Amino acid sequence: MKAFEYVRPSTIREAIELVATNPKAQFIAGGTNLIDLMKHGIAAPEKLVDINHLPLKKIEKRDDFLRIGALVLNSEVASHKRVLASHPLLAQALNAGASGQLRNMATVGGNLLQRTRCPYFYDRAFPCNKRIPGSGCGALGGINRMHAIFGVPEKPDPKSCIAVHPSDLSVALSALEATVLVQGHRGERQIPMADFYRLPNNRPEQDTTLSNGELITAVEIPDAVFQKHVHYLKVRDRASYAFALVSVAAALDIDQNRIKTARLSMGGVAHKPWRLFDAEKMLTGQAVSETVFRQAAEAAMQGARAFEHNAYKLRVAPNAIVQALKLAAGLS
Ligand code: SF4
């Protein structure tokens with residue numbers, strides 16, 4: 001690991017200033033991903049700005065939303081009474097991720113900013129456009145069973161990236177239409193989840209729409225009616241401590257067996273949480289049934305495209321959507 005300077009600013013403003021004015025400085029909180037990246041030589045910050053003691057650790061109910069501070073631990077969110085009562089989908093998604101030890105270290109902000117687990121990104125013997133822009137993509141001609149099926153170019157070129165985003169929390173936040181609060185050099189911004197992550201296009205090294213030095217301070221989740229009929233389903237290689245091959249966050253508002261509102265988002269299938277708008281539209285107003293869920297799943301899969309080793313996702317994904325909807329609706 002390369003030597004680095006470590007600083008512990010006492011205010012949010014000071015922390016932002018330190019990173020915004022030095023492109024080689026980085027925030028560190030739980031460090032559960034960043035330290036690995038530094039050990040592998042993928043990240044080599046010259047300065048680490050420790051934000052762990054900053055006052056961003058509250059979960060509070062405000063007006064018509066729940067605000068969760070960026071430094072609240074994943075385990076604290078997953079077991080918080082208010083979260084369990086008003087937004088159980090978040091707790092389900094968090095408990096499906098990582099291990100107990102990691103959830104006790106990892107923060108909400110860090111969870112959103114964790115980087116892809118594409119093995120070629122972590123192995124410096126292979127080319128990777130996300131690690132070194134323009135160097136090529138090891139996954140395109142390699143083992144790509146974990147990789148994306150949505151948001152990928154029809155004809156990937158050597159500059160492409162087909163990695164998937166690894167966070168379970170972000171998939172649930174996407175379905176719940178949360179907003180990410182950030183603070184930077186030029187003030188504060190609110191970024192809807194739909195605009196927080198980006199597709200790789202010609203800048204695969206950039207995962208989010210954050211500018212340099214912008215710090216996530218909180219996420220806000222609107223009050224909604226998604227308490228009773230929610231399910232986070234994660235398909236993975238092991239029962240725990242594994243990233244999603246495919247995951248589905250399903251939230252339904254059902255009244256007298258009819259779906260008033262549906263929200264669906266998928267993980268493990270794209271460079272960002274993949275919202276299933278067409279399927280949501282198809283479900284709205286329908287009576288609850290497996291047939292309707294199957295039709296919605298088929299609509300959701302339009303535009304999916306497989307590579308050499310991940311064609312199984314084209315079969316697993318629609319089945320996962322149907323199963324998540326059935327479990328959310330109480331059908332199975
Ligand atoms: Fe790198 Fe993306 Fe290719 Fe993986 S898929 S090797 S992260 S460019």
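Leaving aside its neighbours within four places in sequence, which residues is Arg 263 in contact with? Keep in mind that what you're looking at is a predicted model. Find Arg 263 in strand β11, which covers residues 258–267. From there, Arg 263 is in contact with Ala 175, Leu 176 and Glu 177, with Phe 226, with Ala 249, Ala 250 and Ala 251, and with Arg 275 and Glu 280. One of these partners deserves another look: a polar atom of the Arg 263 side chain lies 3.0 Å from the backbone oxygen of Ala 175. And is Arg 263 buried or exposed? Arg 263 counts as buried, because its relative accessibility is 15%, and the cut-off for buried is under 20%.

Now step over to helix α11, residues 277–283, where you'll find Ala 279. Here the relative accessibility is 0%, so Ala 279 counts as buried too. Skip its neighbours within four places in sequence, and Ala 279 is in contact with Leu 264, Ala 296 and Ala 300. You can also pair Ala 279 with Ile 321: 42 residues separate them in sequence, while their C-alpha atoms are 9.7 Å apart in space.

Next, go back to the start of strand β11. In the loop between β10 (246–255) and β11 sits Asn 257. Its phi is near 65°, which is a positive value in a residue other than glycine. What makes that worth pointing out is a general habit of proteins: most residues other than glycine have a negative phi. Asn 257 counts as partly exposed, because its relative accessibility is 44%.

There's another residue of this kind to look up. Asp 63 is in the loop between β4 (59–62) and β5 (65–69), and its phi, near 25°, is positive as well. With a relative accessible area of 72%, Asp 63 is exposed; the cut-off for that is over 50%.

Loops hold a couple of threonines to visit, too. Take Thr 209, in the loop between α10 (193–196) and β8 (215–222). Its relative accessible area is 31%, so Thr 209 is partly exposed. Where does the side chain of Thr 209 reach at 2.9 Å? It reaches the backbone oxygen of Asp 195. Asp 195 also turns up among the contacts of Thr 209, along with Arg 189, Ile 191, Phe 196 and Glu 214, once neighbours within four places in sequence are left aside. Ser 240 is another matter: Thr 209 and Ser 240 are 31 residues apart in sequence and 30 Å apart in space, C-alpha to C-alpha.

The other threonine is Thr 32, in the loop between β2 (25–28) and α2 (34–39). Thr 32 counts as partly exposed because its relative accessibility is 28%. Not counting residues up to four places away in sequence, Thr 32 touches Leu 102, Met 105 and Ala 106. Try Leu 48 as well: it is 16 residues from Thr 32 along the chain, and their C-alpha atoms are separated by 14 Å.

Let's finish with the ligand. The space it takes is the largest cavity. There are 14 residues around the ligand, and those that come nearest are Cys 118, Cys 128, Cys 137, Cys 161 and Ile 162. How do the residues of the shell around the ligand divide into nonpolar, polar and charged? Nine are nonpolar, four are polar and one is charged.

Key. Residues are numbered from 1 along each chain as its sequence is written. This is a predicted model: local features need pLDDT of at least 70, side-chain atom pairs count only at pLDDT 80 or more; totals for chains, interfaces and linings use all residues. Side-chain values use heavy atoms; hydrogens and water are left out. A residue is near a molecule or strand if one of its heavy atoms lies within 4 Å of it. On a 1 Å grid over the protein atoms alone, a cavity is a set of points where a 1.4 Å probe fits but cannot get out, and a pocket is an open set with protein on both sides within 12 Å along at least five of seven lines; lining residues have an atom within 4 Å of a point. A molecule sits in a cavity or pocket if more than half of its atoms lie within 2 Å of its grid points. Ala, Val, Leu, Ile, Met, Phe, Trp, Tyr, Cys and Pro count as nonpolar, Asp, Glu, Lys and Arg as charged, and the others, Gly among them, as polar. Helices (H or I, at least four residues) and strands (E, at least two) are DSSP runs, numbered from the N terminus. Buried means under 20% relative accessible area, exposed over 50%, partly exposed in between (1.4 Å probe, protein chains only). Contact means heavy atoms within 4.5 Å. A polar contact is a pair of N or O atoms within 3.5 Å; within protein, one must be able to donate a hydrogen and the other to accept it, and residues adjacent in sequence count only if both atoms are side-chain atoms.
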